[in-house]
Amino acid sequence: MSTANPGSGEDARRIARPAPDPFLFRPISLRGVTARNRIMLSPLCEYSAEEGMPNDWHLVHLGARAVGGAGIVCVEATHVSPEGRITPHCLGLWNAAQRDALARIAAFVAKQGAVPAIQLAHAGRKGSVTRPWEGTRPIPPEAGGWQTLAPSALPFLPHHPPPRAMTRADIAEVTGQFARSAALAREAGFAILELHAAHGYLLHSFLSPLSNRREDEYGGSLQNRARFLLEVVAAVRAEWPAERPLFVRLSCTEWVEGGLTLSDAIEIARLLQATGGVDVIDCSSGGGDARQRIRPFPGYQVPFAEAIRREVGIATAAVGLITTPEMAEEILANGRADLIVMGRKLMADPHWPLKAARALHAEVAWPVQYERASLT
Ligand SMILES: Cc1cc2nc3c(=O)[nH]c(=O)nc-3n(C[C@H](O)[C@H](O)[C@H](O)COP(=O)(O)O)c2cc1C
């Protein structure tokens, strides 16, 4: 019999309140990989590489978020060829030196208890530009710029040099580059691979009827516009081990008349699910057309993750202005997504997951080196 404050109601309260088990801190298993919680660092271009090589900046950026308690730490858009980069300072994964430098980062992230993930990308017609803080200006060939590639020879902005419409041989070559990068990512020790098929980059530009005006089997119907992405998924899956999950990031609406809509995204997700090779749809939006009009508000993209999860029956990741533990918890508790992906909030506060655990009363161990900070 308890002797604590008899008659005070304390015992009853103890019995009534179950041990907190917030959804945000429940582990998730996908294929053979288990993440300690549902928080993933969103891929965030740092524009800080030389020759595609990661350096100490990338180790600290990604390592700090692993130390801070994220379940999955995803490397920024990492490009499959030099011409596939957005800027000359983007990460790449087309050679052994890049693989080995990334392996060090993947190992450090894993040692902190987070799952190391990497996003593979090709910038397409949005490539060959300066960094955002340099104005995102097209780089002319004499200054080191390159010929960009796209489904059709339509520039992203009127003052940009036109991309070259890809031939079938180009499509096969880029598909092979994605497969090569997937093999290198496997060797580097990444456990999750994400394909970047959003934000107007090459794979997205094939999906969109606004940028894809082809008249061959890669254009026209949604099935045809998705062909390149599906071929890339198949080629990547052949190199990516069956026990490691594959995510695809989609722009679930283009926010512009005539562009992709949520119902198109649902169809694309169905096609991806039918391959049997894709495990999670990471639900973003926009970036494909400069005329887009977006008014972002907290959780503005969550309805896309919710609809795709419900309609297709595939796991989804919600991203976009998810900033509080309560909001993240609501999304998971109501079955609106399986993962919470965070960019800017985690950029500003690498220890957000540890603080969120405290706010939601989850028992999460701080790194031993930082244990004394857990009491502050
Ligand atoms: C500086 C910066 C770099 C980004 N780089 C990438 C990227 O490499 N790949 C990608 O898919 N999205 C990228 N994004 C988009 C983010 O991953 C994320 O989807 C977006 O910021 C919305 O989430 P948030 O509100 O939590 O930041 C970037 C965003 C920012 C602000």
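## Phe 228 and the nonpolar cores

Phe 228 touches Met 166, Ile 171, Val 174, Thr 175, Leu 202, Leu 203, Phe 206 and Tyr 218, when residues up to four places away in sequence are not counted. These contacts belong to a predicted model. Phe 228 is also among the residues with the most contacts inside the largest nonpolar core, together with Leu 24, Leu 195, Leu 229, Leu 250, Leu 272 and Ile 308. That core has 84 residues. Helix α4, residues 168–188, gives the most to this core, contributing seven residues.

A second core, separate from the largest one, has 18 residues and includes Leu 30, Ile 72, Cys 74 and Ala 317. In soluble globular proteins, nonpolar side chains tend to be buried together.

## Strand β10 and its partners

Strand β10 spans residues 246–251, and six of its six residues are buried. Burial extends to both faces of β10: Leu 246, Val 248 and Leu 250 lie on one side, with Phe 247, Arg 249 and Ser 251 on the other. In a regular strand the side chains alternate between the two faces of the sheet.

On one pairing, β10 runs parallel to strand β9 (residues 192–197) over five bridges, and His 196 stands opposite Arg 249. β10 also pairs in the parallel sense with β11, over five bridges, where Arg 249 stands opposite Asp 282. Helix α8 (residues 262–274) joins β10 and β11 in a right-handed β-α-β unit.

## Strand β12 and its partners

Strand β12 (residues 315–319) is largely enclosed by the rest of the structure, because five of its five residues are buried. Ala 315, Ala 317 and Val 319 are buried on one side of β12, and Thr 316 and Ala 318 are buried on the other. One of these residues, Ala 317, is included in the second nonpolar core.

Strand β11 (residues 280–284) pairs with β12 in the parallel sense over four bridges, and the bridge partner of Ile 281 in β12 is Thr 316. Between β11 and β12 the chain passes through helix α9 (residues 302–312), forming a right-handed β-α-β crossover. β12 also pairs in the parallel sense with strand β13 (residues 339–342), over three bridges. In this pairing Val 319 stands opposite Val 341. Helix α10 (residues 325–333) completes a right-handed β-α-β unit with β12 and β13.

## Ser 284 in strand β11

Ser 284 lies in strand β11. Its relative accessibility is 5%, and Ser 284 therefore counts as buried, the limit being under 20%. The side chain of Ser 284 makes a polar contact of 2.6 Å with the side chain of His 199.

Leaving aside neighbours within four places in sequence, Ser 284 is in contact with residues including Arg 249, Leu 250 and Ser 251, which lie in β10. Its contacts also include Val 319, a residue of β12. Cys 252, Thr 253, Gln 301 and Phe 304 are further contacts of Ser 284.

## Ligand surroundings

There are 15 residues around the ligand, and Ser 42, Cys 45, Leu 321, Gly 343 and Arg 344 come nearest. An N or O atom in the side chain of Arg 344 is 2.6 Å from an oxygen atom of the ligand.

Arg 249, one of the buried residues of β10, has a polar side-chain atom 2.9 Å from an oxygen atom of the ligand. From Pro 43, a backbone N or O atom lies 2.8 Å from a ligand oxygen atom.

## Residues with positive phi

Most residues other than glycine have a negative phi. Glu 51 has a phi near 55° and lies in the loop between β3 (39–41) and α2 (56–67). Glu 51 is exposed, with a relative accessible area of 62%.

Thr 136 likewise has a positive phi, of about 50°, although it is not a glycine. Thr 136 is found in the loop between β6 (115–121) and β7 (149–150), and is partly exposed at a relative accessible area of 40%.

## Tyr 370 after helix α12

Tyr 370 lies in the segment after α12 (352–359). The residue is partly exposed, with a relative accessible area of 38%. Leaving aside neighbours within four places in sequence, Tyr 370 is in contact with Val 67 and His 351.

Tyr 218, a contact of Phe 228, is 152 residues from Tyr 370 in sequence. The C-alpha atoms of Tyr 370 and Tyr 218 are 53 Å apart in space.

Technical notes
Residues numbered from 1 in each chain as written. Predicted model: local features only at pLDDT ≥ 70, side-chain atom pairs only at ≥ 80, totals over all residues. Heavy atoms only, no water. Core = buried A, V, L, I, M, F, W, Y, C linked by side-chain atoms within 4.5 Å. Buried < 20%, exposed > 50% of the residue type's maximum accessible area, 1.4 Å probe, protein only. Helix = DSSP H or I, 4+ residues; strand = E, 2+ residues; numbered from the N terminus. Contact = heavy atoms within 4.5 Å. Pairing = 2+ DSSP bridges. Right-handed = clockwise from strand over helix to strand, strands pointing away. Near = heavy atom within 4 Å. Polar contact = N/O pair within 3.5 Å; in protein donor to acceptor, adjacent residues only side chain to side chain.
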